[in-house]
Amino acid sequence: MRYRFSRAVLAAGVAFLATVPAHATDLEVTHWWTSGGEAAAVAEFAKAFDATGNKWVDGAIAGSGDTARPVMISRITGGDPMGATQFNHGRQAEELVQEGLMRDFTELAAKENWTGLINPPTLLQNCTLDGKIYCVPVNIHSWQWIWLSNKAFADAGVPVPKNWDEFVAAGPALEKAGKIPLAMGKQAWQQSGALNVLMAAIVGPETFLKVYKDKSADVAGGPEIAKVFKAADDARKLAAKSNVQNWNEATAMVIGGQAGGQIMGDWAQGEFQVAGQVAGKDYTCLPGLGLNAVIATGGDAFYFPKLDDPEKSKAQEALASVLMSKEAQVAFNLKKGSLPVRGDVDLTTANDCMKKGLEILAAGKTMQWTDELISPDTTQQMNDLMSEFFSTPSLTAEAAQARFAEIIGAAD
Amino acid sequence: MADRTRPSGLFKNVNAKIASIPMILTALCVFLGGTLWTVVYSFTDSKLLPRLRFVGLDQYERLWSAPRWLVSIENLAVYGVLSLILSLVIGFVLAALLDQKIRFENTFRTIFLYPFALSFVVTGLVWQWILNPQFGIQHIVRSLGFESFTFDPLYNADIVMYGILIAGLWQGTGLVMCLMLAGLRGIDEDIWKAARVDGIPMWKTYLFIVIPMMRPVFITTLVIITSGIVKLYDLVVAQTGGGPGNASEVPAKYVYEFMFRAQNLGQGFAASTMMLLSVAIIIIPWAYLEFGGKRRG
């Protein structure tokens, strides 16, 4: 048995070697996809890229994008660029592109007709600077979801809520049953993300854009946003006992039924999938917190630093094609729980939650998200404020809103 | 030979001077040059990449109105003062106890010095676990039967800095003890004998005779401890990550995060310039007293 197995491996190895052309190029790809669902998804890209005869050298950086981005940026500015790197497209890599450190893919995009394929078109616009395309969007991620554990609500003897207000109302019942109503990791990006989700859901995209796009301090300090901070105050009370750091640990609490729900982007879906849970039966997802079913079309994109080595530059092009290919898009996004960037792929195998997302996308109910609208500097200030807010009960919603308005007023 | 002019001061010990040229250049270019560069760019609006577009004192105004920076300064002050005093006192007392010609001195010295062999990151993680209410001290005491016992400094914004201080002291006092012990061993045995003949009690001998004689050791120790305080960063990152909220933020962390996470070099440079300034405010008067006085005398 063992003998036969090793022979099969050997045969597969020979077959694999035979398909590899003479010039296999190693290309290092850095990203921050390290949770179970994410790692499974990125392995699909690696497989597809290896099939072209090149070699994907995985450069995963653990500890969320906040930790990974400084490493990536200092490698690029410090003259040790990788072959390709993940960023959230939008303003994170803006200055690197302006300084001419990134490679432009306008030609390849024209050849493969990206503009016709990518839906919604804002994705490609976020990759474009002065008419040139600098990145390859790979997925659409939307933040505006709440994930609910059906088991937790069954244990507490209340029906699974249909929107945020019902969720808040169910909080005491959950607490009585020994559950943590709202699971939330104690990292700043998760806390300010939750605030933005609440804002988009409660006041709607229009006011959201007035705050983040027009940077109106008056609106940010006004009565509309006051409702949002009131909701954030509820959220912080519901999450007071949540003692985890990473988002996937919080998701694990929802999966295990120890927590009622979690406000998190659709990447949380991959975790439910890895745990073998079924949407609708084991867990429930509410886009836009059940109040305002609009999804943001942020997401991840790959940027390609300029390299001197012509071999590697060629491999970069091959990778860009692979990332955009139908097969890779489907395989990757199914594992990751995100939506594909191509409008023409078949996702019949998608689960209920992804289908909800696809429907919203098809109906054109999309909006811009903070990654595209505000600079990393403003994001950091917001993160600081929200992490203070969520851990300091004495900081009132009003005081926090006043400081929020100040940050928005000074934003660029 | 008599008509030859005296060689000028410049060529005295010429070999030694040539040998120190690399270090002089390093000091000038890297330390001084880097410092000046940072200060200059702290007056610009540099974002991800340095850019010479001056905005006056804007970065400083923003810095001093940022609640997080003010918290950082306050935390560093609390940590700094307590850590300085406590590590000197504990270190000296431990050294004095070891100096009583006790048995197994080597063993004790090794035990006390061992934490110093660990990096701040490891120290931080170890103490994060010890102070974690679910696994650490609180859990142990509760399982002994004291159900209402609460000890979770890292999760309480009011006392989180003391949780970090404990870890810092655990790591650092061993070294202070060793330095002090070396200082104590350097005191001539005859001084002790003379004090005993005069009937001076032991604590008085330590306080009024031995400690003043150990002045150089104290200065060395002081420099080592203070430099450790100002650059406090990795311990906080490993232990609390600045949390809960921003209750244990420190200036070095502010600098790092604004330079690299927020992509706002100007703000980070302004913060690091303030750190330099605060060090200079302490060092310059001291150096003046220490070295300036001697030349006059």
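**Entry 1: a strand pair in chain A**

I began with strand S1 (residues 26–31) of chain A and found that it pairs in the parallel sense with strand S2 (residues 55–60) of chain A, over six bridges. I was working throughout on a predicted model, and I read the local features with that in mind. For A:His31 I looked up the bridge partner in S2(A), and noted that it is A:Ala60. Following the chain from S1(A) through helix H2 (residues 36–50) of chain A to S2(A), I recorded a right-handed β-α-β unit.

**Entry 2: the two domains of chain A**

I next took the division of chain A, which gives domain 1 as 25–141 + 298–362 and domain 2 as 145–296 + 374–410. The centres of these two domains of chain A, taken over C-alpha atoms, are separated by 27 Å. In the contact between them I noted 24 residues from domain 1 of chain A and 21 residues from domain 2 of chain A. On the domain 1 side, the elements that give two or more residues are H2, helix H3 (64–77), helix H16 (326–336) and helix H17 (352–362) of chain A. Which of these elements gives the most to that side? I found that H17(A) does, with seven residues. By residue class, I entered this side of domain 1 of chain A as six nonpolar, eleven polar and seven charged.

**Entry 3: chain A against chain B**

Turning to the contact between the chains, I noted 19 residues of chain A touching 16 residues of chain B. On the chain A side, H3, helix H4 (94–98) and helix H19 (376–391) of chain A are the elements that give two or more residues. H19(A) gives the most to this side, with eight residues. The residues of chain A that touch chain B divide into five nonpolar, six polar and eight charged.

**Entry 4: the nonpolar cores**

I then looked up the largest nonpolar core, which has 154 residues, and listed those with the most contacts inside it: A:Val136, A:Trp147, A:Leu198, A:Val228, A:Phe302, A:Tyr303 and A:Leu323. Helix H10 (residues 188–212) of chain A gives the most to this core, with 13 residues. Apart from this core I recorded another, of 14 residues, among them B:Leu94, B:Ala95, B:Leu98 and B:Ile225. I picked A:Tyr303 for a further look and, leaving out residues up to four places away in sequence, found that it touches A:Ala84, A:Thr85, A:Phe87, A:Ala93, A:Met102, A:Tyr134 and A:Cys135.

**Entry 5: the two domains of chain B**

For chain B the domain assignment gives domain 1 as 1–41 and domain 2 as 58–296. I entered 35 Å as the separation of their centres, taken over C-alpha atoms. The contact takes four residues from domain 1 of chain B and six residues from domain 2 of chain B. The domain 1 side of this contact in chain B consists of two nonpolar, two polar and no charged residues.

**Entry 6: A:Asn139**

I placed A:Asn139 in the loop between strand S6 (135–137) and strand S7 (145–149) of chain A. Is A:Asn139 buried or exposed? I entered A:Asn139 as buried because it has 22 C-beta neighbours inside 10 Å, the cut-off for a buried residue being 20 or more. Not counting residues up to four places away in sequence, A:Asn139 touches A:Gly299, A:Asp300, A:Asn333, A:Lys336, A:Ser338, A:Leu339, A:Pro340 and A:Val341. I also looked up A:Lys306, which is 167 residues from A:Asn139 along the chain, and noted 23 Å between the two C-alpha atoms.

**Entry 7: backbone details in loops**

A cis peptide bond joins A:Asn119 and A:Pro120, with omega at about -5°. I located A:Pro120 in the loop between helix H6 (114–117) and helix H7 (122–125) of chain A.

I went on to positive phi values in residues other than glycine, and noted A:Asn113, where phi is near 55°, and B:Gln263, where phi is near 50°. A:Asn113 lies in the loop between helix H5 (106–111) and H6 of chain A, while B:Gln263 lies in the loop between helix H12 (251–261) and helix H13 (265–296) of chain B. I marked A:Asn113 as exposed because it has 10 other C-beta atoms within 10 Å, where the cut-off for exposed is 12 or fewer. I marked B:Gln263 as buried because 27 other C-beta atoms lie within 10 Å.

How values were computed. Residues are numbered from 1 along each chain as its sequence is written. Chains are lettered from A and ligands numbered from 1 in the order in which they are written. This is a predicted model: local features need pLDDT of at least 70, side-chain atom pairs count only at pLDDT 80 or more; totals for chains, interfaces and linings use all residues. Two strands pair if DSSP finds at least two bridges between them. Helices (H or I, at least four residues) and strands (E, at least two) are DSSP runs, numbered from the N terminus. A crossover is right-handed if, with the strands pointing away from the viewer, the path from the first strand over the helix to the second runs clockwise. Domain bounds come from an automatic or database domain assignment. Two residues are in contact if their C-beta atoms, placed from the backbone, lie within 7 Å. Ala, Val, Leu, Ile, Met, Phe, Trp, Tyr, Cys and Pro count as nonpolar, Asp, Glu, Lys and Arg as charged, and the others, Gly among them, as polar. A nonpolar core is a set of buried Ala, Val, Leu, Ile, Met, Phe, Trp, Tyr and Cys residues joined through C-beta atoms within 7 Å.
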